[in-house]
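Reader: I am new to this structure and would like a close look at a single part of it. Could you take me slowly through the surroundings of the ligand and the elements that build them?

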Amino acid sequence: MTHDLSNKGFATRQIHAGSIDIPGIKPLATPIFQTSTFVFDSAAQGAARFAGEEDGFIYTRMGNPNHEQVGQKIASLENAEAGLVLSSGMGAINTCLLTILRSGDHLLADETLYGATFSFLAKGMSHYGIDVTFTDFSDIENVTDNIKPNTKAVYFETPANPTLKVLDLELVADTVHAVNQDIKVIVDNTFCTPYIQRPIELGVDVVIHSGTKYLNGHGDVISGMICGTKEFVGQCKDFGLKLVTGAVVSPFDAFLISRGMKTLDIRMEKHCSNAMKVAEFLEGHEKVAKVYYPGLPSFSGYEIAKKQMRLPGGIITFELDATKEQSESFINTLELCSLAVSLGDTETLIQHPASMTHASYSKEELKEAKISESMIRLSVGLETAEDIIEDLRVGLDRL
Ligand SMILES: Cc1ncc(COP(=O)(O)O)c(C=O)c1O
């Protein structure tokens, strides 16, 4: 099933990695293995497969050719030994953390995270007797000072959702490993994708994705991914996914993700060039109070972003010089930008983090994480940049 693509370019690997060979038939597009189970030739073969003595598929929760294809594709692009596709980004996060952590362990996390991730860590982890500390990783001493003897994992996003706070991947990974080599440093790379940033090359152990976003790219699938060493991804598959979360994605959705990933590089180029134009427009508009975008020299994360990100990404957060009611009416009246959560789709999406994606944070927690109640998050789509800008201009001029 695997062709050696190790010396091939990103674009070649996003198309060909994980391609499936079926003897005697050579379909260009991957067939969809929409089956829950696989038939054994004999009882002995079934037993050998369950015993791990013979390779081959058993049951789709434990593996399916469409899953293998996506796993191999994301591993190749992230430069990881192995990759695993799951039913959602949250499924990937749960599966990864519940594979590593057990009662009595400690997890150290950055305080600015996607709302559901924050909720799971802040409220869900205590169900399992796992202790979680949140701090601001931009001050690296906060990382060193909060590692405990029972710390098993360190978790963060960069750029973070929704403030776009940029954290130095190499610095965080090196700092944690200098204290304890065995602590798993995990980063959610959803906002960047491996086309923009490859954390494993900078010393991070595990990469998480919401495959729902740029990797699938077309707003029609919910999925997640885990990348890391062969040993760790194997544990996530055989323990976390198979026995704990059961967060299995359908073969059809895996097929769609694989198809979406074939055009990742050109989509990311356009998302980023459109976002740069939109960010510059917003920064120059008198009704915009502040723009958070890693491509703007005025942004606090600009220098670190330049060091570790190939492009500044497709997400912009901004604040208006307006009342709460005016801001609400601004997002309500846009015509091209759709008022919806999620990101990384072909369509431009706009939403209000404090009341939507980050509604799980209390007012105090929002303040702590520096998520202001006036922030508006824009996922810049693949439409004509001038049309997105015109839609925003009409909305701003109406204020
Ligand atoms: C950064 C980030 N990580 C994880 C997730 C969760 O992914 P999913 O919605 O696929 O479960 C999201 C969802 O918005 C996200 O923005």
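Author: What follows looks at the ligand shell and at a pair of helices that contribute to it, and then turns briefly to another helix pair. This is a predicted model, in which local features need pLDDT of at least 70 and side-chain atom pairs count only at pLDDT 80 or more, while totals for chains, interfaces and linings use all residues. Residues are numbered from 1 along each chain as its sequence is written.

Around the ligand there are 14 residues, of which Ser88, Gly89, Met90, Ser210 and Thr212 come nearest; a residue is counted as near when its C-beta atom, placed from the backbone, lies within 6 Å of the molecule. Sorted by class, this shell holds four nonpolar, eight polar and two charged residues, where Ala, Val, Leu, Ile, Met, Phe, Trp, Tyr, Cys and Pro count as nonpolar, Asp, Glu, Lys and Arg as charged, and the others, Gly among them, as polar. At least two residues of the shell come from helix 4 (89–100), and at least two from helix 5 (115–124); helices here are DSSP runs of H or I with at least four residues, numbered from the N terminus.

The axes of helix 4 and helix 5 come within 10 Å and cross at roughly 30 degrees, the axes being lines fitted to C-alpha atoms over the stretch in contact, with angles running from 0 to 180 degrees between N-to-C directions. The two helices, helix 4 and helix 5, are therefore roughly parallel to each other, a term used for angles under 35 degrees. Their crossing is right-handed, that is, the near helix is turned clockwise from the far one by less than a right angle. Met90, Ile93 and Asn94 of helix 4 make the contact with Ala116, Thr117 and Phe120 of helix 5, contact meaning that C-beta atoms, placed from the backbone, lie within 7 Å. The residues of this contact between helix 4 and helix 5 comprise four nonpolar, two polar and no charged.

Another pair is helix 11 (residues 264–283) and helix 15 (residues 385–397), whose axes come within 9 Å and cross at roughly 30 degrees. That makes helix 11 roughly parallel to helix 15, and the crossing of helix 11 and helix 15 is right-handed. On helix 11 the contact is made by Asn274, Lys277, Val278 and Phe281, and on helix 15 by Ala385, Ile388, Ile389 and Leu392. The residues of the contact of helix 11 with helix 15 divide into six nonpolar, one polar and one charged.

How values were computed:
Parallel < 35°, antiparallel > 145°, perpendicular 65-115°, else oblique. Contact = placed C-beta atoms within 7 Å.
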